[in-house]
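Got your viewer open? Load the model, give it a slow spin, and follow along as we pick out one spot after another.

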Amino acid sequence: MKKDELKLIMTISITMAVVIGCIYIIILNKKLDLFNIIRAISFGITITTFFWTFYFSYGWKLFLLNRIFYRPNLNGTWSGVLKSDWKNKNGEKIGDIEFYIVIRQSFLRIHFTTFTKSFIGTSYSETLSLKKETGLKNVAYLYRKESSQDDNEILQEGATELRLINSEPRKLEGKYWSNQKTKGKINVTFISENIVDSFNDAKLLENNGG
């Protein structure tokens, strides 16, 4: 969490606690003595704590509350294509590859799982780059192949950088690079809030309209 976000949380928390404390005294018609002031402050802090607990769990996804912090909700399954410069043994380039990204996101963390027919990739280092003044929303992550059936096979790893396009439906577009000296472009579209765990499940979800 950035310093400006922490400052905003502190500002909102203090303001909420004071306002709620004042409302507590006014509504209950309490005398303005030390005991009631302490109770009012305690009540204000308790309600503020409940608010932030709700916000960090669910509220940040809601339209109005989401405006407190500049953070898009990317949870769900995204479908599209991967265009790679990889060539087969005959030196021929492959065509567009069916490609799915499944994103699991909380307020503080984000994780990517990617699927093709022959490859499952999982992210292990993720960054969400947001610039409110320019409207830029970028995500970047390092990934590795989930498993290998051959102990001698080189572990495939790489990096992906994507830009969120707030069209309807929303899209993620960008590039990837791998340690196999391949690179390419990724273009996916949001299809569902549902989370899946395989290529076949993602394809079925897409065919059923999300």
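Before we start, one term: two residues are in contact when they have heavy atoms within 4.5 Å of each other. Also keep in mind that what you see is a predicted model.

**Stop 1: helix 3**

Select residues 199–207, which make up helix 3, and colour Phe-199, Ala-202 and Leu-205: these are buried. Now look down the axis of helix 3: its buried residues fall within an arc of 125 degrees, so they line one face of the helix. A general rule helps here: an α-helix has 3.6 residues a turn, so residues three or four places apart point the same way. What covers the buried residues of helix 3? Show strand 1, strand 2, strand 3 and strand 8, which are among the elements that do the covering. Then turn to the other side of helix 3, where Asn-200 and Asn-207 are exposed. Just after helix 3, click on Gly-209, which has a positive phi, near 75 degrees.

**Stop 2: the nonpolar cores**

Next, select Trp-78, Ile-101, Ile-103 and Ile-186. They have the most contacts inside the largest nonpolar core, a set of 19 residues. Strands 1, 2, 3, 5, 6, 7 and 8 each supply at least two residues of this core; to find some of them, select 110–115 for strand 3, 157–165 for strand 6, 171–178 for strand 7 and 183–192 for strand 8.

Zoom in on Ile-101. Leaving out residues up to four places away in sequence, Ile-101 touches Gly-76, Thr-77, Trp-78, Phe-112, Thr-113, Thr-114, Tyr-141, Leu-162, Ile-186 and Val-188. There is also a second, separate core of eight residues, and you can find it by selecting Ile-9, Ile-12, Trp-52 and Trp-60, which are among its members.

**Stop 3: the largest pocket**

Switch on a surface and head for the largest pocket, with a volume of about 610 Å³. Which of its 24 lining residues are closest to the centre? Select Ile-97, Thr-116, Ser-118, Phe-119 and Gln-156. Strand 1 (76–84), strand 2 (97–105) and strand 5 (136–145) each give at least two residues to the lining of this pocket. Colour the lining by class and you get 12 nonpolar, eight polar and four charged residues.

**Stop 4: the second largest pocket**

The second largest pocket holds about 520 Å³ of space. It is lined by 20 residues, and the ones closest to its centre are Lys-2, Glu-5, Tyr-70, Arg-71 and Leu-130. Two elements give two or more residues to this lining: helix 1 (3–27) and strand 4 (120–131). Strand 4 gives the most, with four residues. By class, the lining of the second largest pocket has 10 nonpolar, three polar and seven charged residues.

**Stop 5: two single residues**

Stay with strand 4 and click on Thr-122, which lies in it. Is Thr-122 buried or exposed? Its relative accessibility is 18%, and the cut-off for buried is under 20%, so Thr-122 counts as buried. Apart from neighbours within four places in sequence, Thr-122 is in contact with His-111, Phe-112, Thr-113, Leu-142, Tyr-143, Arg-144 and Glu-146.

Finish at Leu-62, in the loop between helix 2 (34–57) and strand 1. Leu-62 is partly exposed, with a relative accessible area of 43%. Draw a distance from its C-alpha to that of Lys-2: the two residues are 60 apart in sequence and 21 Å apart in space.

Conventions. Residues are numbered from 1 along each chain as its sequence is written. This is a predicted model: local features need pLDDT of at least 70, side-chain atom pairs count only at pLDDT 80 or more; totals for chains, interfaces and linings use all residues. Side-chain values use heavy atoms; hydrogens and water are left out. On a 1 Å grid over the protein atoms alone, a cavity is a set of points where a 1.4 Å probe fits but cannot get out, and a pocket is an open set with protein on both sides within 12 Å along at least five of seven lines; lining residues have an atom within 4 Å of a point. Grid points are joined across faces, edges and corners, and a volume is the space filled by probe spheres set on the points. Ala, Val, Leu, Ile, Met, Phe, Trp, Tyr, Cys and Pro count as nonpolar, Asp, Glu, Lys and Arg as charged, and the others, Gly among them, as polar. Buried means under 20% relative accessible area, exposed over 50%, partly exposed in between (1.4 Å probe, protein chains only). A nonpolar core is a set of buried Ala, Val, Leu, Ile, Met, Phe, Trp, Tyr and Cys residues joined through side-chain atoms within 4.5 Å. The arc is that of the directions from the helix axis to the C-beta atoms.
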